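Please look through the structure shown here before reading on. My comments on it are set out as numbered points.

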Amino acid sequence: MARPEVPSPATPSSADELTLVIATFNRSGYLRGLLDSVAALEPAPERIVVVDNASTDDTQAVITAAASRLAIPLINVRLPVNAGGAGGFSAGVERALSEGASWLWLMDDDVVVLPCAVTALRKWTGTYGCIHGRRLDEAGNPFFWQHRFLPFLGIHIPVRGNVFRDSAAFTTNVGCFEGMLISADLVRRIGLPDERYFINGDDEIYGWLASRLTDVVYVNDFVLQKVRPQKQIDLGIRHLNDSSDLSRFYSMRNRGHTGQYLRAHGRYNRLGFALGTLLTAGKEILRLLAVEHRVAGAPSLWRGWRESRLILHDGSWQPMPPLDPAPSNDRKHQV
């Protein structure tokens with residue numbers, strides 16, 4: 001069946017088309033570095049929306065200081081409780097839309113932006129509605145991010161080889177909030193990021209939902225650099241980083257929400273999804289043993305799996321609604 005397309009956005013006439021949305025929690029040092037790098041952007045975004053997930057460190061002081069020295073408006077959204085990255089981005093996207101954003105650049109707090117990032121991304125906004133630029137790791141080497149989401153398994157898998165060998169834009173169907181640039185029109189058709197994920201998987205499913213409406217791409221332009229060092233091992237096709245017990249819990253627990261989204265779009269396969277859950281648990285156990293050299297985090301996987309089953313069997317569960325309802329034939333599209 002032919003893909004129903006979101007009309008291609010017009011190429012921006014100025015940098016005033018882009019709003020940067022940052023979600024942060026108790027990482028004021030990283031946030032300060034990110035905001036310093038934003039000050040060097042040329043051209044600059046129209047505005048910055050920083051969502052503080054009820055941080056208990058000096059994050060508010062960092063935001064206040066940045067707002068006083070930046071040449072562009074900085075909107076400080078402080079949540080009363082920690083809603084996780086998912087809740088932070090949901091609140092940030094909602095605020096950015098209310099401010100009139102045409103494009104939203106979604107970003108974690110542990111990266112810095114490269115000075116020509118906006119120029120690099122604007123090359124693509126006349127063609128695509130959901131764009132991811134390339135990233136460098138903390139050592140300045142290319143950071144691996146080339147995946148596809150497999151609805152049958154309900155997981156994303158790495159793609160081998162040089163995805164830019166034949167084209168400067170690699171079409172995928174998965175998202176990452178560490179630098180996703182997405183048009184406001186597309187956001188309205190998808191709805192807000194699902195805050196129920198808290199952390200892990202919210203951007204993955206958001207990219208998949210976007211791919212059901214238009215092409216989602218990874219482009220051969222470096223725009224970000226990660227600054228948070230992580231332990232990792234090289235698996236050949238990709239690197240496996242260290243994690244946390246909280247992240248492991250949500251990686252399993254959020255399988256329930258992902259399964260529900262697949263079910264809502266007619267792509268849920270019970271046996272395939274069970275295999276994907278087993279592979280997810282296996283990856284996390286490998287991460288524990290090979291990267292972190294411990295086993296104490298394993299019970300968090302069991303707790304997460306038990307909660308995922310409750311979510312998956314919740315008959316009242318509903319997907320996040322679109323802000324601007326899409327035509328009915330969009331919901332019939334299969335990827």
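The points below go from the whole chain to one helix and then to one residue.

1. Keep in mind that this is a predicted model. The protein has 335 residues, and 54% of them count as buried. Its secondary structure consists of 10 helices and 13 strands.

2. The surface deserves a remark as well. The accessible surface of the protein is about 14400 Å², and carbon and sulfur atoms make up 54% of that area.

3. How are the contacts spread along the sequence? Among contacts with a separation of 6 or more, 83% are between residues 24 or more positions apart.

4. Helix H6 spans residues 202–211 and is mostly covered, with 10 of its 10 residues buried. The buried residues include the charged Asp202, Asp203 and Glu204. Ile205, Tyr206, Trp208 and Leu209 are also among them, as are Gly207, Ala210 and Ser211.

5. Now turn to aspartate 245, which lies in helix H7, residues 245–253. Is aspartate 245 buried, partly exposed or exposed? Its relative accessibility is 31%, so aspartate 245 counts as partly exposed; the partly exposed class lies between under 20% for buried and over 50% for exposed.

6. Which residues does aspartate 245 touch, apart from its neighbours within four places in sequence? The contacts are Arg294, Gly297 and Ser300. Take serine 300 as one of these: 55 residues separate it from aspartate 245 in sequence, while the C-alpha to C-alpha distance is 6.1 Å.

Key:
Residues numbered from 1 in each chain as written. Predicted model: local features only at pLDDT ≥ 70, side-chain atom pairs only at ≥ 80, totals over all residues. Heavy atoms only, no water. Buried < 20%, exposed > 50% of the residue type's maximum accessible area, 1.4 Å probe, protein only. Helix = DSSP H or I, 4+ residues; strand = E, 2+ residues; numbered from the N terminus. Contact = heavy atoms within 4.5 Å. Areas by Shrake-Rupley, 256 points an atom, 1.4 Å probe, with all protein chains shown as cover.
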